[in-house]
Amino acid sequence: MKTVACLAALLGSAAAFAPAQQGASTSALQASELDQEIGAVAPLGFFDPLGYITDEETFVRYRAVERKHGRIAMMAMLGTFVHNNKWTFDGYLSPSQNLKFSDVDEGIGGLFQVPVAGLAQIIVVCGLVELAWWPASQLDGDYGIRIGSWNNWEEEPARELRQRNAELNNGRAAMMGILGTFVHEVVTGQSFAEQAASGHFSPFGDGQGFF
């Protein structure tokens, strides 16, 4: 169910990434100007091989989109680990359909078992979060959440840079991870846990053994 919720969150937040109306373009940026920005880390530094970033406004927007996608992907991967370990809520997802949380399949297939009304509720809640609680229009992504001295960015600016870079890099890894998980599930017919249990890490084998 956690994985399903994360997938629905992805759908619910899609509006956040619709192209914004652009005003007059600011001065063109050079790659060297962005090498010190958050997210421009070794070994690639600022990476824009197709030349999409032409001005500062575009850069800020794309960085915000990347951060949001990364956060959703991290939640999706966490949900994959949780649900694959059979950690589910007690009780019924839909009493009228006699459907328990534990009846929902692991992985992406579970999305198609959730009643339409349930999916609608998840999307509505995610929409409220996007529009009111943690608005997607706040492009810096900083909603004032701090965990004691662990996030004392005002006193330690270097810590803020390190942690923001770590978030972006973890989000990039999670985006690749959840995409790979979906592909493997569709190709092999096995969830992440089933693949790991059988040692099946090649999508082209028979489902048993490494290959």
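Start the tour at Lys86, the residue that follows helix H3 and has a positive phi, near 65°. Helices here (H or I, at least four residues) and strands (E, at least two) are DSSP runs, numbered from the N terminus. Lys86 is not a glycine, although its phi is positive, and the residue sits in the loop between H3 and strand E1 (92–94). With a relative accessible area of 60%, Lys86 is exposed, where exposed means over 50%, buried under 20% and partly exposed in between (1.4 Å probe, protein chains only). Most residues other than glycine have a negative phi.

Before moving on, please note that this is a predicted model, in which local features need pLDDT of at least 70 and side-chain atom pairs count only at pLDDT 80 or more, while totals for chains, interfaces and linings use all residues. Residues are numbered from 1 along each chain as its sequence is written, and side-chain values use heavy atoms, with hydrogens and water left out.

**The whole chain**

Colour the protein chain by secondary structure, and six helices and two strands can be picked out, in the order α-α-α-β-β-α-α-α along the sequence. Of its 211 residues, 36% count as buried.

**Helix H3**

Select residues 56–84, which make up helix H3, and compare the distance between the end C-alpha atoms, 42 Å, with the 42 Å that 29 residues should span at 1.5 Å a residue; the two agree. The expected span is 1.5 Å times one less than the number of residues in the helix. At the start of H3, show the side chain of Asp55, one oxygen of which comes within 3.1 Å of the backbone nitrogen of Glu57. This is listed under polar contacts, that is, pairs of N or O atoms within 3.5 Å; within protein, one atom must be able to donate a hydrogen and the other to accept it, and residues adjacent in sequence count only if both atoms are side-chain atoms.

Next select Ala64, also in helix H3, which counts as buried at 11% relative accessibility. Add Gly141 to the selection: Ala64 and Gly141 are 77 residues apart in sequence, yet their C-alpha atoms are 6.8 Å apart in space.

**Salt bridges between and within helices**

A salt bridge is a side-chain nitrogen of Lys or Arg within 4 Å of a carboxyl oxygen of Asp or Glu, and a search of the whole structure finds seven of them. Show Glu66 and Arg63, whose side chains meet in one such bridge (2.4 Å, N to O); both residues lie in helix H3, three residues apart, about one turn of the helix, and both are buried.

Keep Glu66 selected and add Arg172, since Glu66 forms a salt bridge with Arg172 as well, with the closest N and O atoms 2.5 Å apart. This pair links distant parts of the chain, with Glu66 in helix H3 and Arg172 in helix H5, 106 residues apart. The relative accessible area of Glu66 is 18%, so Glu66 is buried, whereas Arg172, at 24%, counts as partly exposed.

Then show Arg164 and Asp142, whose side chains also meet in a salt bridge (3.5 Å, N to O). Arg164 lies in helix H5 and Asp142 in the loop between helix H4 (116–133) and H5, so the pair ties together parts that are 22 residues apart in sequence. Arg164 counts as buried, at 11% relative accessibility. Return to the earlier selection to see that salt bridges with shared partners join Arg63, Glu66 and Arg172 into one network.

**Helix H5 and its end**

Select all of H5: its 32 residues should span 46 Å at 1.5 Å a residue, and its end C-alpha atoms are 46 Å apart, which agrees. Its buried residues include Arg159, Gln163, Asn165, Leu168 and Glu185. Just after H5, Gly189 takes a positive phi of about 75°.

**Nonpolar cores**

Which residues form the largest nonpolar core? Select Leu93, Leu99, Phe101, Val104, Leu111, Val114 and Leu119, the seven residues of that core. A second, separate core has six residues, among them Ala76, Met77, Ile178 and Phe182. A nonpolar core here is a set of buried Ala, Val, Leu, Ile, Met, Phe, Trp, Tyr and Cys residues joined through side-chain atoms within 4.5 Å.

**Last stop**

Finish at Asn98, in the loop between E1 and strand E2 (99–100). Its phi is near 55°, a positive value in a residue other than glycine, and at 53% relative accessibility Asn98 counts as exposed.
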